[in-house]
Amino acid sequence: MAAILQAVGATTALSSTNSFDSKRLRFSSRRSLSVGKGNFFVVRSDGRSNGCYPRDRRAGQLVTNAVATKADSSTASTASKPGHELLLFEALREGLEEEMDRDPSVCVMGEDVGHYGGSYKVTRDLAEKYGDLRVLDTPIAENSFTGMAIGAAMTGLRPIIEGMNMGFLLLAFNQISNNCGMLHYTSGGQFKIPVVIRGPGGVGRQLGAEHSQRLESYFQSIPGIQMVACSTPYNAKGLMKAAIRSENPVILFEHVLLYNLKERIPDEEYVLNLEEAEMVRPGEHVTILTYSRMRYHVMQAAKTLVNKGYDPEVIDIRSLKPFDLHTIGNSVKKTHRVLIVEECMRTGGIGASLTAAISENFHDYLDAPIVCLSSQDVPTPYAGTLEEVTVVQPAQIVAAVEQLCQ
Amino acid sequence: MAFCLTKAKKLIYNHLKSKMGSLGIINHGNWTHPVSFSHPIPQNLKKPDTFFTNNTTLFASRRFESIIAGKHLDSLRNVFDEIEVLNFPGGKVKFTSEMKFLSESPEERIHCYRVLDDNGQPTVHSNSVQIGEEVAVKMYNDMVTLQLMDSIFYEAQRQGRISFYLTTIGEEAINIASAAALNIDDLIFPQYREAGVLLWRGFSLQEFANQCFGNRDDNGKGRQMPIHYGSKKHNYFTVASTVATQISHAVGAAYALKMDGRDACTVTYFGDGGTSTGDFHAALNFAAVMEAPVIFFCRNNGWAISTPVSDQFRSDGIVVRGQAYGVRSIRVDGNDALAIFSAIQAARRMAIGESRPVLIEALTYRAGHHSTSDDSTKYRPVHEIEWWRVARDPVSRFKKWIESNGWWSDEAEFELRSSVRKQLLHAIQVAEKVEKPAIAEIFTDVYDVPPANLCEQETLLRETIKRHPQDYPSHFQFPL
């Protein structure tokens, strides 16, 4: 099998797009691995890097290549007008501003969001434009300003709560779980809570354990809330707008290291679907499910994989609660192999839930156990070298795909 | 920390500056030349013995230099007699050379506003609002209704007909009088001991019973425990079991009212125990900073389940905390309906007219148990409970007042009580018989529209019920 792969790899061009046609047929035979049914194994980082692929953690440099999609992909941005270029945080800001223009009940509250413009500048200049009652600086009490937003939402406003870092929203867990997610239900549908809770999370660059939290794992169980994760300027703006317009409480997960990604997005208005996954790269051999920053690691690994003759299908799941099992299911039915790449900790992470959901629903279509690459169950260490190996790196992804496709 | 001397003392400043180098900024790095160590240390500095250790000469010399500044400023003060101020982020503050700690408690406890004495007679010099006969009689009617509802529903729980109940015994005046002084547009964020507010606003006895029985007619759709009432129509936000979370909600809602420019305020109720939470602290702080039109009403009834206030806080009750946050506050007699009415009316005017929060502490007593899950005789003396229940009953006190005005009689009393009693028993009987909500209601209202996973889960549940009908209540068998 390996020999065939090598041969194919040598003859086909080194392009990131899907160039296999007839050659594809050879890999479509179903082969099941000998690993026991129902198990999924984790490939842990061994800390060694593949010399050819420097682990460039400056994601901004990778973007333009890694995000490259085919012309007929679901992201219509490249197919239409030229549009305008901006960074991800500016895209969030643009989406926010458009919604605030459109609906006067939309407001923002959080620490330093007003005249300071937000710690990641997502609300820059908005206080000057809309006044400091609509872009409200709050004292440091996350539980309480989340509570405030819930009260305001029940009274007719549409607040957006910014957690300076997602990790701080752990202090707001009581309000989010017991009130935000619940009050629409316990009031018999009388009071709705259309809040958006957003902020940067994920592992940054040596921010220490407390500032490297991945809260999507903790929040995913709360009934009544929706969770989405943005990863590109295009989907950041679209998801922000969709979240604001949603009648349900939505938690929008941003990533600290993705704020400076640049992309060209359409000039015309667009709103994305909160419950839809994004097809980043169609393929045939394996379905790689990922979200947020790991999308870029996956795409980087995809380049290597293509060179080695694989054809991975990469899906950015975007909707963390509920999962878009329609898109995911179609992909699984096509490729029969699933690799989940996430930044969450292993235990109780999004990957764990996704693995269960796929196993339950698409078990018959799987040729191999689902593989889930996650961070280890450790607090994120500060030292750069240590921190790097707690996050899934492209080399591991490549190795996992190779093992999965044997 | 920057010193900004007022203009009047420019001369002195220049004079000193010439002598001592840059006096203006006590930023230790700015001291250009060392000062001799021969000056004696003033006695009124806080930690004189931390200075002058030989091995930390540089540090000590800086400290010493600041003593010198202080000393010279002291001498300045003697010349200019307390015009010296510290212009600090946050405003100007006068200095004092007297080291004085603020006492942990005031010499005398903050006085408690009351209008009616124990015999229901108005005290002299009371600047209370005049209440007309109609309002007063309605207030009394509702207080009696509340009392009867509490006792009958409590009994229903004891009989096993409802699972839980929580009474407002002893706090009827707080419930009804505060509601009476508000408008229907004012938003209520209750804790759980304020059913009377909802009663005043028009929630019917049947609706109360429906919620307690969690039946199909409950507008909460049977999703919450008894006494967790909520009614959008009456601007009464659904009770949540979490303590004091509603306080932050009230501030947020007040912020929404302010943004909309509405002629309304929010009112939130909580107990003495709730004031210990983080939400209470931050909500008061926020409300003050944001100048939100919210009335914080603390029902200080002496007990948080079994915790007496002496174990809850050591401040002089809750009223003194208002000033700590920059919130105007008042203490009222919680068993005096007229005092509460006046205070709320005034607070409402301030909250809306001046766009500011107001804190009202009503001193009262929880004459009943915390709830049906509690037996308070286990932690407090029975005679204390009885004394408050009888001698300090707010309902009978108010009754004496309306009787003395000729607005009430024994016949009216008898009629009221028997009528309400009948209605309550009827309401319970009806509520008990109404069906429980349909299975579909487990899955609705989690989101605006049920998502795929919930639809799937509902289908699974229905299949299970169909396969094992004997394990489920009969009314689950029907399609809806």
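**A walk from one arginine into the sheet**

At 29% relative accessibility, A:R245 falls between the cut-offs of 20% for buried and 50% for exposed, so this arginine counts as partly exposed. Keep in mind as you look around that the model is predicted.

Let's start with what that arginine is holding on to. Side chains of opposite charge can pair when their charged atoms come close. Here the side chain of A:R245 meets that of A:E99 in a salt bridge, with 2.9 Å from N to O. A:R245 belongs to helix 9 of chain A and A:E99 to helix 3 (residues 88-102) of chain A, so this pair ties together parts that sit 146 residues apart in sequence. The glutamate end is tucked away: A:E99 has a relative accessible area of 1%, which means it is buried.

The pair has company, too. A:R245 and A:E99 are part of a network of salt bridges that also links A:E94, A:E98, A:R102, A:K237, A:K241 and A:E269.

Now follow helix 9 of chain A itself, residues 233-245. How far apart should the ends of a helix with 13 residues be? At 1.5 Å a residue, 18 Å is the expected span, and the end C-alpha atoms are 19 Å apart, so the two agree. This helix is mostly covered, with 12 of its 13 residues buried. Among the buried ones are A:Y234, A:L239, A:M240 and A:I244, but so are the charged network members A:K237 and A:K241. An α-helix has 3.6 residues a turn, so residues three or four places apart point the same way. With that in mind, try lining up A:K237, A:K241 and A:R245 in the viewer, as they belong to the one network.

Next comes the sheet in chain A. It is an open sheet of 7 strands in the order 3-2-4-5-7-6-12, with mixed pairing. At its edges are strand 3 (135-137) and strand 12 (319-321) of chain A, each pairing on one side only. From one strand to the next, the twist averages 20 degrees.

Strand 5 of chain A (residues 196-201) is a good place to look closer. Is it buried or exposed? All 6 of its 6 residues are buried, so the strand is largely enclosed by the rest of the structure. In a regular strand the side chains alternate between the two faces of the sheet. You can see this in strand 5 of chain A: A:V196, A:R198 and A:P200 point one way, A:I197, A:G199 and A:G201 point the other way, and all are buried.

Strand 5 of chain A has a partner on each side. Strand 4 of chain A runs parallel to it and is joined to it by 3 bridges, with A:I160 standing opposite A:V196. Strand 7 (residues 250-255) of chain A also pairs with strand 5 of chain A in the parallel sense, over 6 bridges. There A:V196 stands opposite A:V250.

The pairing changes sense out by one edge. Strand 6 (residues 226-229) and strand 12 of chain A pair in the antiparallel sense over 2 bridges, and A:K321 in strand 12 of chain A is the bridge partner of A:M227. Over on the side of strand 3, helix 5 (residues 142-154) of chain A lies across strand 2 (106-110), strand 3 and strand 4 (158-162) of chain A. Its axis runs at about 165 degrees to strand 4 of chain A.

What about cysteines? A search of the whole structure finds 0 disulfides over all chains. A:C230, for one, is in no disulfide, and the nearest cysteine sulfur, that of A:C344, is 15 Å away. A:C230 is buried, at 1% relative accessible area. In chain B, B:C212 is buried as well, at 5%.

Staying with chain B, let's finish with two more charge pairs; the structure holds 50 salt bridges over all chains. B:R223 and B:E441 meet through their side chains at 3.3 Å, N to O. B:R223 lies in the loop between helix 6 (205-213) and helix 7 (245-260) of chain B and B:E441 in helix 15 (residues 440-443) of chain B, so parts 218 residues apart in sequence are tied together. B:R223 counts as buried at 13% relative accessibility, whereas B:E441 is partly exposed at 24%.

The other pair is B:R331 with B:D316, at 3.1 Å from N to O. B:R331 lies in strand 8 (residues 328-333) of chain B and B:D316 in the loop between helix 9 (309-312) and helix 10 (319-325) of chain B, so the link covers parts 15 residues apart in sequence. Both ends are buried: B:R331 has a relative accessible area of 2%, and B:D316 has 6%.

Terms used
Residues are numbered from 1 along each chain as its sequence is written. Chains are lettered from A and ligands numbered from 1 in the order in which they are written. This is a predicted model: local features need pLDDT of at least 70, side-chain atom pairs count only at pLDDT 80 or more; totals for chains, interfaces and linings use all residues. Side-chain values use heavy atoms; hydrogens and water are left out. Two strands pair if DSSP finds at least two bridges between them. Helices (H or I, at least four residues) and strands (E, at least two) are DSSP runs, numbered from the N terminus. Axes are lines fitted to C-alpha atoms, for helices over the stretch in contact, and angles run from 0 to 180 degrees between N-to-C directions. Contact means heavy atoms within 4.5 Å. The expected span of a helix is 1.5 Å times one less than its number of residues. Buried means under 20% relative accessible area, exposed over 50%, partly exposed in between (1.4 Å probe, protein chains only). A salt bridge is a side-chain nitrogen of Lys or Arg within 4 Å of a carboxyl oxygen of Asp or Glu. A disulfide is a pair of cysteine sulfur atoms within 2.5 Å.
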